[in-house]
Amino acid sequence: MESYIRKIYVPMSETAFYILFCLQNPQHGYGISQEVKAMTAMGGT
């Protein structure tokens, strides 16, 4: 039973979290990537 529970409740990756967070509003792929870059300060200045 324990291994079954681990398969279901695997922690979400940081990348998946940011993508799902950005999908609160309808967006396309490029818009999501730009918003994630801005939120994580990976986009430069």
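How much accessible surface does the protein chain have, and what share of it belongs to carbon and sulfur atoms? In this predicted model, the accessible surface comes to about 4100 Å², and 62% of that belongs to carbon and sulfur atoms. Of the 45 residues in the protein chain, buried ones make up 9%. The fold itself is quick to describe: there are 3 helices and 0 strands, and from the N terminus on the elements run α-α-α.

Part of that surface is a nonpolar patch of about 650 Å². Its members are Met12, Phe17, Ile19, Leu20, Phe21, Leu23 and Met39. Helix 2, which covers residues 14–22, gives the most to this patch, with 4 residues. Leu23, another member of the patch, sits in the loop between helix 2 and helix 3. With a relative accessible area of 42%, Leu23 is partly exposed, since that value falls between the 20% limit for buried and the 50% limit for exposed.

Ile19 is also in the patch, and its place is in helix 2. Its relative accessibility is 35%, so Ile19 counts as partly exposed. Along the chain, Ile19 and Ser33 are 14 residues apart, while their C-alpha atoms are separated by 8.0 Å.

Next come the aromatic rings. The structure holds 2 aromatic pairs. In one of them, the ring centres of Phe17 and Tyr18 are 5.7 Å apart and the planes meet at 65°, so this pair is edge-to-face. The other joins Phe17 to Phe21 in a stacked arrangement, with 5.9 Å from centre to centre and 25° between the planes. Why does one pair count as edge-to-face and the other as stacked? The angle decides, because planes over 60 degrees apart count as edge-to-face and those under 30 as stacked. Phe17 and Phe21 are 4 residues apart in helix 2, which means that about one helical turn separates them.

Taken together, the ring pairs link Phe17, Tyr18 and Phe21 into a cluster. Are these rings buried or exposed? Each falls in the middle class: Phe17 is partly exposed at 46% relative accessible area, Phe21 is partly exposed at 39%, and Tyr18 counts as partly exposed at 21%. For Tyr18 that value is not under 20%, so the residue does not count as buried. Phe17 and Phe21 belong to the nonpolar patch as well.

Helix 3 spans residues 29–40. At 1.5 Å a residue, its 12 residues should span 16 Å, and the C-alpha atoms at its ends are 17 Å apart, which agrees. Which residues of helix 3 are buried? They are Gly31, Ile32 and Val36. These three cover an arc of only 130° around the axis, so they lie on the same side of helix 3. The face turned away from that buried side carries Tyr30 and Ala38, which are exposed. Helix 3 thus has a buried side with Gly31, Ile32 and Val36, and the face turned away from it bears exposed residues.

Notes. Residues numbered from 1 in each chain as written. Predicted model: local features only at pLDDT ≥ 70, side-chain atom pairs only at ≥ 80, totals over all residues. Heavy atoms only, no water. Patch = residues over 30% accessible without salt bridge, like charges linked within 9 Å, V, L, I, M, F, W, Y side chains within 5 Å. Areas by Shrake-Rupley, 256 points an atom, 1.4 Å probe, with all protein chains shown as cover. Salt bridge = Lys/Arg side-chain N within 4 Å of Asp/Glu carboxyl O. Helix = DSSP H or I, 4+ residues; strand = E, 2+ residues; numbered from the N terminus. Buried < 20%, exposed > 50% of the residue type's maximum accessible area, 1.4 Å probe, protein only. Phe/Tyr/Trp six-rings, centres within 6.5 Å; stacked < 30°, edge-to-face > 60°. Expected span 1.5 Å × (residues − 1). Arc of directions from axis to C-beta.
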